[in-house]
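Colleague: I'm still new to reading models like this one, and I'd love a close look at a single part. Could you walk me through it slowly?

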Amino acid sequence: MQKDKFTFSPGDRDALGYHFNRSGTIRILMLPDWQGCETSSAHRLASNYATQCDAEVILTDIYDIQHRPWSYEQADRMIKHSLDNPQETRKVLKNYYCELERYWQSSGPLFVVGFCFGGSLSFEFGRAELPCLGVVSVHGQPDTKKPILRVAKKPAFLMLHGAEDPFILNPAINRFMDEMRIANADWSLYYLGGARHSFTRDDIPSGNPYMGYSDKADTEAMLALKIMAERLLS
């Protein structure tokens with residue numbers, strides 16, 4: 001599959017992206033975890049989702065090219081700022097959406113899929129009511145400091161959560177469910193049995209009691225998006 005690296009300028013930053021260019025039924029904007037869009041794990045996921053979900057994929061993150069984090073401590077400041085300021089984050093995501101429009105090769109419906117921090121951003125994309133058919137959070141923080149009170153017919157929200165994840169706690173999940181009910185949204189929540197945090201990261205060393213790869217959960221998450229897309233497109 002052809003993979004092209006590119007830079008673009010959404011708003012006040014210069015950003016990095018990778019275009020997994022294949023003709024497909026759908027388009028996927030993929031937002032990775034805190035390590036951003038240059039990891040082998042993120043590229044594996046983008047390639048797999050492109051192939052298995054019949055999709056054209058753009059993989060990117062919300063870091064400035066000149067200020068990419070080299071440690072979790074550095075990334076955590078960006079994560080906290082983004083989650084503490086949802087309205088600002090939604091404006092950033094709108095800039096990304098508008099700037100990336102010229103990079104797509106196909107015109108299929110757009111889905112936004114994020115992992116961990118990217119999953120939280122995916123849901124903020126949906127809350128911003130940007131044009132997309134569905135938003136998916138994979139082991140991401142699902143709630144927000146500014147819940148929506150209504151949602152347009154689109155997008156649908158899909159949360160994929162590892163049942164043994166010690167970081168995404170029940171109060172946050174309950175707040176997300178309450179928000180979706182109040183907004184009368186199209187939403188689904190899947191608990192994936194036996195899965196810990198970061199269950200899509202195949203490069204995490206074994207033996208970590210809090211996070212680790214699960215081939216079962218990774219596969220089920222991808223299939224859940226495929227099923228969601230088929231339902232919404234039928």
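Is Ala42 buried or exposed?

Modeller: Happy to! Keep in mind that this is a predicted model. Ala42 is buried, because its relative accessible area is 7%, and the cut-off for that word is under 20%.

Now let's place Ala42 in the chain. This residue is found in helix α1, which covers residues 40–52. Leaving out residues up to four places away in sequence, Ala42 touches Met30, Pro32, Gly36 and Leu59. You can also look at Thr60: Ala42 and Thr60 are 18 residues apart along the chain, and their C-alpha atoms are separated by 9.5 Å.

Next, the wider setting. An unreviewed UniProt entry lists residues 28–223 as "domain: Dienelactone hydrolase". Over residues 28–223, the chain is 38% helix and 17% strand, and the C-alpha atoms at the two ends are 14 Å apart.

Elsewhere in the model, try finding a pair of helices, α3 (residues 86–100) and α4 (residues 117–127). Their axes come within 9 Å and cross at roughly 85°. That angle makes α3 roughly perpendicular to α4, because angles of 65 to 115 degrees count that way. On the α3 side, the contact is made by Pro86, Thr89, Arg90, Leu93 and Tyr97; these meet Leu121, Glu124, Phe125 and Arg127 in α4. Sorted by class, this contact has five nonpolar residues, one polar residue and three charged residues.

Terms used. Residues are numbered from 1 along each chain as its sequence is written. This is a predicted model: local features need pLDDT of at least 70, side-chain atom pairs count only at pLDDT 80 or more; totals for chains, interfaces and linings use all residues. Side-chain values use heavy atoms; hydrogens and water are left out. UniProt positions are given in the numbering used here, feature names are shortened, and annotations may be inferred rather than shown by experiment. Helices (H or I, at least four residues) and strands (E, at least two) are DSSP runs, numbered from the N terminus. Axes are lines fitted to C-alpha atoms, for helices over the stretch in contact, and angles run from 0 to 180 degrees between N-to-C directions. Angles under 35 degrees count as roughly parallel, over 145 as roughly antiparallel, 65 to 115 as roughly perpendicular and the rest as oblique. Contact means heavy atoms within 4.5 Å. Ala, Val, Leu, Ile, Met, Phe, Trp, Tyr, Cys and Pro count as nonpolar, Asp, Glu, Lys and Arg as charged, and the others, Gly among them, as polar. Buried means under 20% relative accessible area, exposed over 50%, partly exposed in between (1.4 Å probe, protein chains only).
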